[in-house]
Amino acid sequence: MATRTAKLRIELDGEKKYKEAIAEINRESKTLGAEMKKLAAEYKGNESSVEALTKKQTLLDRALLESKAKVEETRKQLDSWRAALERV
């Protein structure tokens, strides 16, 4: 008995834009990670100085903003996909 297979491909609106935005955020996050390692090496033995902690806090603030941006982009895309699926 022969079996039939069907393939279905659904392309959702905005998927390319979403992937590009997430890729950019991920690149920035990697850069921040590298900056954090550089900072740790620069202040090795003096990690608790006010200057070191201030710089670390600045990097952590930027990392938090990147994480929030990633969550927001994902939320927007999820809402878009939900709306598209409701129309089907």
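**Contacts between two helices in a predicted model**

Beyond its neighbours within four places in sequence, Leu59 is in contact with Leu32, Glu35, Met36 and Leu39. The model described here is predicted. Two of these partners, Leu32 and Leu39, belong together with Leu59 to the largest nonpolar core, which comprises five residues and is completed by Tyr43 and Ala52. The elements contributing two or more residues to this core are α1 and α2.

At the level of the whole chain, the secondary structure consists of two helices and zero strands. Helix α1 covers residues 15–42, and helix α2 covers residues 50–87. Of the 88 residues in the chain, 14% are classed as buried. The exposed surface of the chain amounts to about 7,700 Å², of which carbon and sulfur atoms supply 56%. When contacts between residues at least 6 apart in sequence are considered, 71% of them connect residues at least 24 apart.

The largest pocket encloses about 160 Å³ of space. Its lining is formed by Met36, Leu39, Ala40, Tyr43, Glu47, Ala52, Leu53 and Lys56. Two or more of the lining residues come from each of the elements α1 and α2. Classified by type, the lining holds six nonpolar and two charged residues, with no polar residue. Leu39, Tyr43 and Ala52 appear both in this lining and in the largest nonpolar core. Met36 and Leu39, which are among the contacts of Leu59, are likewise found in the pocket lining.

Two further positions, one in each helix, were examined with respect to exposure and to residues distant in sequence. Gly33 lies in helix α1. With a relative accessible area of 32%, Gly33 is partly exposed, because this value falls between the 20% limit for buried residues and the 50% limit for exposed ones. The C-alpha atom of Gly33 is 8.6 Å from that of Ala63, although 30 residues separate the two in sequence.

Lys76 is located in helix α2. The relative accessible area of Lys76 is 46%, so this residue too is partly exposed under the limits of 20% and 50%. Between the C-alpha atoms of Lys76 and Gly14 the separation is 9.9 Å, while the two residues are 62 positions apart along the chain.

Note on methods:
Residues are numbered from 1 along each chain as its sequence is written. This is a predicted model: local features need pLDDT of at least 70, side-chain atom pairs count only at pLDDT 80 or more; totals for chains, interfaces and linings use all residues. Side-chain values use heavy atoms; hydrogens and water are left out. Helices (H or I, at least four residues) and strands (E, at least two) are DSSP runs, numbered from the N terminus. Buried means under 20% relative accessible area, exposed over 50%, partly exposed in between (1.4 Å probe, protein chains only). On a 1 Å grid over the protein atoms alone, a cavity is a set of points where a 1.4 Å probe fits but cannot get out, and a pocket is an open set with protein on both sides within 12 Å along at least five of seven lines; lining residues have an atom within 4 Å of a point. Grid points are joined across faces, edges and corners, and a volume is the space filled by probe spheres set on the points. Ala, Val, Leu, Ile, Met, Phe, Trp, Tyr, Cys and Pro count as nonpolar, Asp, Glu, Lys and Arg as charged, and the others, Gly among them, as polar. Contact means heavy atoms within 4.5 Å. Accessible areas come from the Shrake-Rupley method with a 1.4 Å probe; for residues, only the protein chains shown count as cover. A nonpolar core is a set of buried Ala, Val, Leu, Ile, Met, Phe, Trp, Tyr and Cys residues joined through side-chain atoms within 4.5 Å.
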